[in-house]
Structure formats: C-alpha cells, structure tokens
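Please look through the sequence and the structure shown here, with attention to surface, aromatic contacts and backbone.

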Amino acid sequence: MRTGRPTVVRAAAVGGAAARKGGTVEGLSWGLGSILLIPQGTIPLVFILADINVKSWFLAMYVRPLYGVPIAMVSLLAGVALYARAIMTTVDNRAKSPLHPS
C-alpha cells in the first residue's frame, strides 16, 4: 500500500537481527554445561563424599553406591567440556565480528 513516503531499505543490523553462527550451540552449551557441572556433578559428589543420603534430582544419588562417584565425575567433566566449548564459541564469534577487528 502506498503512503506517499519514499521507500526506505534498511540494512540488517550487524550482530543484532542477523543470526550468528554457532548461536544455538553456544546457548545449549551454556545451559547443559551448567546443569551437568553444578547439580549433576558437583553437588552429588559433595553429598556422596560427605555421606549425605538425599535423593533429589541428582542422577548419581539413584544408582548403586559403587557407581555414584564415577557418574558424578563424568557429569562434572562433561559440564566443564561444554563450558569450554561455549567459551570457545563466544571467543570465535567475537573475533569474527566486524565490531571487534583483530
């Protein structure tokens, strides 16, 4: 519909409206890394080592006692790996951004 105003073509905002490469992977890495590192890795490991028998939503607390510490350690290491991936993706995105020339 014509309003009488001249047509204006707007360029996509740099980094704003344009989709970033790795944005979904970065977000999932931050979210899942947080879940695996703190509530599935660190807290159950402290509970198991302090001999606290609380079964909340910690996976390591529901398995046999023999497997509790290894499952908590695997969750902790997976959380650290996902955090490292998220940080690397963030650093790569910032380095490739035209706002931060390097």
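## Nonpolar surface patch

L28, L32, I35 and W57 make a nonpolar surface patch of about 410 Å², where patch members have over 30% relative accessible area and no salt bridge (a side-chain nitrogen of Lys or Arg within 4 Å of a carboxyl oxygen of Asp or Glu), and nonpolar side chains are joined within 5 Å. Areas come from the Shrake-Rupley method with a 1.4 Å probe. One of these residues, I35, lies in helix 1 (helices being DSSP runs of H or I with at least four residues, numbered from the N terminus), and I35 is partly exposed at a relative accessible area of 38% (buried means under 20%, exposed over 50%, partly exposed in between).

## Basis of the model

This is a predicted model, in which local features need pLDDT of at least 70 and side-chain atom pairs count only at pLDDT 80 or more, while totals for chains, interfaces and linings use all residues. Residues are numbered from 1 along each chain as its sequence is written, and side-chain values use heavy atoms, with hydrogens and water left out.

## Aromatic pairs

The structure holds two aromatic pairs, a pair being rings with centres within 6.5 Å. In the pair of F47 and F58 the ring centres are 5.6 Å apart and the planes stand at 80°, so this pair is edge-to-face (planes over 60 degrees apart). The pair links distant parts of the chain, with F47 in helix 1 and F58 in the loop between helix 1 and helix 2, 11 residues apart. F58 is buried, with a relative accessible area of 8%.

## Backbone at D51

D51, in the loop between helix 1 (23-49) and helix 2 (65-96), has a positive phi of about 60° although it is not a glycine. D51 is exposed, with a relative accessible area of 70%.

Methods. Helix = DSSP H or I, 4+ residues; strand = E, 2+ residues; numbered from the N terminus. Buried < 20%, exposed > 50% of the residue type's maximum accessible area, 1.4 Å probe, protein only. Phe/Tyr/Trp six-rings, centres within 6.5 Å; stacked < 30°, edge-to-face > 60°. Patch = residues over 30% accessible without salt bridge, like charges linked within 9 Å, V, L, I, M, F, W, Y side chains within 5 Å.
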